[in-house]
Amino acid sequence: MPLDLPRTALQLRSLVKSSGELELSLAEMPVPAVADHEVLVRIEAAPLNPSDLGLLFGTADLETAVAGGTAERPLLTARIPEAGMRAMAARLDEPMPVGNEGAGVVVAAGSAPAAQALLGKTVAVLGGAMYAQYRAVPVDQSLLLADDATAADGASSFVNPLTALGMVETMKREGHTALVHTAAASNLGQMLQRICLADGVALVNIVRKPEQAALLKAMGATHVCDASAPSFLADLTDALAATGATLAFDATGGGPLAGQILSCMEAAISRTAKVYNRYGSSTHKQVYLYGGLDTRPTTFNRSFGMAWGMGGWLLFPFLQKIGPAAAQVLKQRVAAELKTTFASRYAGELSLTEVLSPAAIARYNQRATGEKFLIKPNAR
């Protein structure tokens, strides 16, 4: 390890206690040594993704959050409802590091040529525990950024870009020809819109507010349906009929939206049906739930025939399914289009100590469109 590196550094930890309490803290951890095929990255930027918030807060009731500790070592605690504790059984009394992805400069490298080649370079990295000042990762979990790219540019190089590309790849592999996406004005949704415009894929965007619809239309989106409009279901059916979309990715997860999408797909298909079938159309309609912005139970009326599916979709199982070679093709596209197709925008930046501030939590935990934050672990 280089002599100018510190021996210890800070890491954000989330702990669910068996007593029914969430505890967030900054732990001082040894700066890791690197194996032959690893690099040590000084993390300079890491995004607060919805998936990170799920691990960070678990099922805690943040209305009960209490700040403590010191200015340098803040501590935040919150109560976890009894019903929520059942979902936390597998992680009781085990401090867990947080943060799926990030970016920074390689400050030490293992002896392998691939690792040595990254020394001094700015890379994006994947692998968890990124809300930390230093992180050692295997070379194959890093992505070399262009010389003109900053850590902030590359902080969100994996989860959102690869999810958006994964949606289009899933569409192709499963024999669909167009897509539907909910919460479509998000950073991820904007990336997906840019991909679909570039690749000639018809996309139906579902948003919750008129200003979100205006944002996407200004980007060139053809089909944008506002779920708050009285004409939403009719608008959605028209867009589905125009595009032939039979595959949807739903970021909300709960409530009636997934079922409404399937019903509108069936209604759109039925417009061109030549013969009545009491079992509905034979065209398979699929909705994948990939997020949980709506925490209500998923509800639906089965008014969409018998050829349908509703299930879960996650990025990492998808990447494992397609294999390393196909995944690498997607990663290289992200690197090549980092400042265009896959550009991310943030509402603000936070130091590690600021992440534990109740005022900051109240804002970034809203998970609202346009309110994504970036953590700067080495900021003071």
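## Close-up views of a predicted model

**View 1. Helix H6 and the glycine that comes after it.** Right after H6, Gly 200 takes a positive phi of about 70°. This is a predicted model, so keep that in mind for each view here. H6 itself is 13 residues in length and reaches 18 Å from its first C-alpha to its last, close to the 18 Å expected at 1.5 Å a residue. How many of the 13 residues of H6 are buried? The count is 10, so H6 is largely enclosed by the rest of the structure. Look for Asn 187, Leu 188, Gly 189, Gln 190 and Met 191, then carry on to Leu 192, Gln 193, Arg 194, Ile 195 and Cys 196, and you have the buried residues of H6. What covers them? The cover includes helix H5 (159–173), helix H7 (210–218) and helix H11 (324–336), along with S11 and S12.

**View 2. Leu 197, a partly exposed residue of H6.** Stay with H6, which runs through residues 187–199, and you'll find Leu 197 in it. Is Leu 197 buried or partly exposed? Leu 197 counts as partly exposed, because its relative accessibility is 45%, while the cut-off for buried is under 20%. Now find its contacts: leaving aside residues up to four places away in sequence, Leu 197 touches Met 219 and Gly 220. Met 219 sits 22 residues from Leu 197 along the chain, and their C-alpha atoms are separated by 9.4 Å.

**View 3. Helix H8, with its buried residues on one side.** H8 takes in residues 232–243, which makes 12 residues, and it reaches 16 Å from its first C-alpha to its last, close to the 16 Å expected at 1.5 Å a residue. Which residues of H8 are buried? They are Phe 232, Leu 236, Thr 237, Ala 239, Leu 240 and Thr 243. These residues cover an arc of only 165° around the axis, so they lie on the same side of H8. Among the elements covering them are three strands, S11 (178–182), S12 (202–207) and S13 (223–226), plus helix H9 (257–270). Following H8 comes Gly 244, and its phi is positive, near 75°.

**View 4. Two cysteines without a bond between them.** Here we zoom in on Cys 225 and Cys 264. A disulfide is a covalent bond between the sulfur atoms of two cysteines. How many disulfides does the structure hold? There are 0. Why don't Cys 225 and Cys 264 make one? The sulfur of Cys 225 has its closest cysteine sulfur in Cys 264, but that is 8.6 Å away, too far for a bond. A disulfide would need the two sulfurs within 2.5 Å. Swap the point of view and the story holds: for Cys 264 the closest cysteine sulfur is the one in Cys 225, at 8.6 Å. Both cysteines are tucked away, too: Cys 225 is buried, with a relative accessible area of 2%, and Cys 264 is buried, at 5%.

**View 5. The largest nonpolar core, and a second one.** In soluble globular proteins, nonpolar side chains tend to be buried together. The largest nonpolar core in this model has 41 residues, and the members that touch the most others are Leu 12, Val 39, Leu 48, Leu 56, Phe 57, Tyr 131 and Tyr 364. Strand S3 (residues 38–47) gives the largest share of this core, 4 residues. Pick out Leu 48 and see what it touches: not counting residues up to four places away in sequence, the list is Leu 53, Tyr 131, Leu 350, Tyr 364, Lys 372, Phe 373 and Ile 375. There's also a second, separate core of 36 residues, which includes Leu 143, Met 167, Leu 179 and Ala 327.

**View 6. Gly 68 in strand S4.** Gly 68 belongs to strand S4 (residues 66–69). With 31% relative accessibility, Gly 68 counts as partly exposed. Setting aside residues up to four places away in sequence, Gly 68 touches Pro 74 and Leu 75. Now look across to Ser 357: it is 289 residues from Gly 68 in sequence, yet 9.7 Å away in space, C-alpha to C-alpha.

**View 7. Zooming back out to the protein chain.** Taken as a whole, the protein chain has 13 helices and 18 strands. Its radius of gyration is 22 Å, close to the 21 Å that the globule rule gives for 380 residues, so the chain is as compact as a globular protein of that length. Of those 380 residues, 51% count as buried.

Technical notes
Residues numbered from 1 in each chain as written. Predicted model: local features only at pLDDT ≥ 70, side-chain atom pairs only at ≥ 80, totals over all residues. Heavy atoms only, no water. Buried < 20%, exposed > 50% of the residue type's maximum accessible area, 1.4 Å probe, protein only. Helix = DSSP H or I, 4+ residues; strand = E, 2+ residues; numbered from the N terminus. Expected span 1.5 Å × (residues − 1). Arc of directions from axis to C-beta. Contact = heavy atoms within 4.5 Å. Core = buried A, V, L, I, M, F, W, Y, C linked by side-chain atoms within 4.5 Å. Rg over C-alpha atoms; globule rule 2.2 N^0.38 Å.
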